[in-house]
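Here are some exercises to work through with the model open in your viewer. Try each one yourself before you read the solution.

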Amino acid sequence: RSNRTGGKVTDTGIAFSLTLCRRGDRANFCLTGSRSAQPSALDGVRTQTSIGASYNYKIDNISDIGITGNYSRASKTNFGLQPTRDYVNTRVTYNRKLTRTLRGFVAAGYSDNYDGRVSRRANIDGTIGVSLLLGRR
């Protein structure tokens with residue numbers, strides 16, 4: 001809720017963050033949700049609301065796969081200089097243990113945002129890499 005008096009803008013809103021997970025021997029599933037106020041450099045405050053889900057599955061002792069997906073909406077700002085913006089992204093990652101300290105991974109992702117003013121192309125990416133575990137485990 002916005003209150004504009006004497007050139008001063010006061011915003012009041014609800015903020016929260018919530019994560020619900022179900023963990024099993026080989027699989028984990030989580031749902032997330034949040035709402036927060038985000039300051040805008042140009043035009044007051046906008047509300048950011050997000051929901052997401054993730055699923056990880058242990059294929060065997062040396063490999064696993066994970067999928068994540070998120071949707072977010074940022075409200076228009078107080079004076080309308082920045083429109084409502086919707087953002088969506090998803091990612092799939094495959095991990096494999098190569099040695100005691102090395103892991104290989106392959107990932108692919110998709111993201112897009114919409115604001116009703118400017119037409120933008122979606123982003124598609126892929127990553128291949130190796131990670132090194134440092135220290136004792």
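Below are five short exercises, each with a worked solution.

Some ground rules come before you start. This is a predicted model, so local features need pLDDT of at least 70 and side-chain atom pairs count only at pLDDT 80 or more, while totals for chains, interfaces and linings use all residues. Residues are numbered from 1 along each chain as its sequence is written, and side-chain values use heavy atoms, with hydrogens and water left out.

**Exercise 1. Take stock of the chain**

Work out how many helices and strands the protein chain has, and how much of it is buried.

Solution. Start with secondary structure, where helices (H or I, at least four residues) and strands (E, at least two) are DSSP runs numbered from the N terminus. The count comes to zero helices and nine strands, and the pattern along the sequence reads β-β-β-β-β-β-β-β-β.

Next, burial: buried means under 20% relative accessible area, exposed over 50%, and partly exposed in between (1.4 Å probe, protein chains only). Of the 137 residues, 20% are buried.

Then the surface. Using the Shrake-Rupley method with a 1.4 Å probe, where for residues only the protein chains shown count as cover, the accessible surface comes to about 10,100 Å², and 55% of that belongs to carbon and sulfur atoms.

Finish with contacts (heavy atoms within 4.5 Å). Among those between residues at least 6 apart in sequence, 42% join residues at least 24 apart.

**Exercise 2. Lay out the sheet**

Find the strand order of the open sheet and say which strands stand at its edges.

Solution. Two strands pair if DSSP finds at least two bridges between them. Following the pairs gives seven strands in the order β3-β4-β5-β6-β7-β8-β9, with antiparallel pairing. The edges are β3 (16-23) and β9 (123-132): each has a single partner strand, so one side of each is left without a neighbour in the sheet. On average, neighbouring strands here are turned by 15° against each other, direction ignored. That angle uses axes, which are lines fitted to C-alpha atoms (for helices over the stretch in contact), with angles running from 0 to 180 degrees between N-to-C directions.

**Exercise 3. Walk across the pairs**

Give the number of bridges for β3 with β4, β4 with β5, β5 with β6, and β8 with β9.

Solution. Go pair by pair.

- β3 and β4 share eight antiparallel bridges and form a hairpin with three residues between them; threonine 19 has threonine 32 in β4 as its bridge partner.
- β4 and β5 (residues 45-58) pair over 13 bridges, antiparallel again; leucine 31 is matched with alanine 53 in β5.
- β5 and β6 run antiparallel and are joined by 11 bridges; theirs is a hairpin with four residues between the strands, and isoleucine 51 has tyrosine 71 as its bridge partner.
- β8 (residues 102-114) and β9 pair over 10 antiparallel bridges; tyrosine 110 stands opposite isoleucine 124.

**Exercise 4. Track down the disulfide**

Which cysteines does the disulfide join, and how is each of them classed by accessibility?

Solution. Quick chemistry reminder: a disulfide is a covalent bond between the sulfur atoms of two cysteines. The search criterion is a pair of cysteine sulfur atoms within 2.5 Å, and the whole structure yields one hit. That hit joins cysteine 21 to cysteine 30, S to S 2.0 Å. With 110° about the S-S bond, the link is right-handed. Now check each end: cysteine 21 is partly exposed because its relative accessibility is 36%, whereas cysteine 30, at 12%, counts as buried. Cysteine 30 also has serine 54 in β5 as its bridge partner.

**Exercise 5. Compare two serines**

Are serine 72 and serine 17 buried or exposed, and what does each one touch?

Solution. Serine 72 sits in β6 (residues 63-74) and is buried, since its relative accessibility is 9%. Leaving out residues up to four places away in sequence, serine 72 touches Gln48, Thr49, Ser50, Arg85, Asp86 and Tyr87. With glutamine 48 there is a side-chain to side-chain polar contact at 2.4 Å. (A polar contact is a pair of N or O atoms within 3.5 Å; within protein, one must be able to donate a hydrogen and the other to accept it, and residues adjacent in sequence count only if both atoms are side-chain atoms.)

Serine 17 belongs to β3 and is exposed, at 66% relative accessibility. With the same sequence cut-off, serine 17 touches Gly33 and Ser34.
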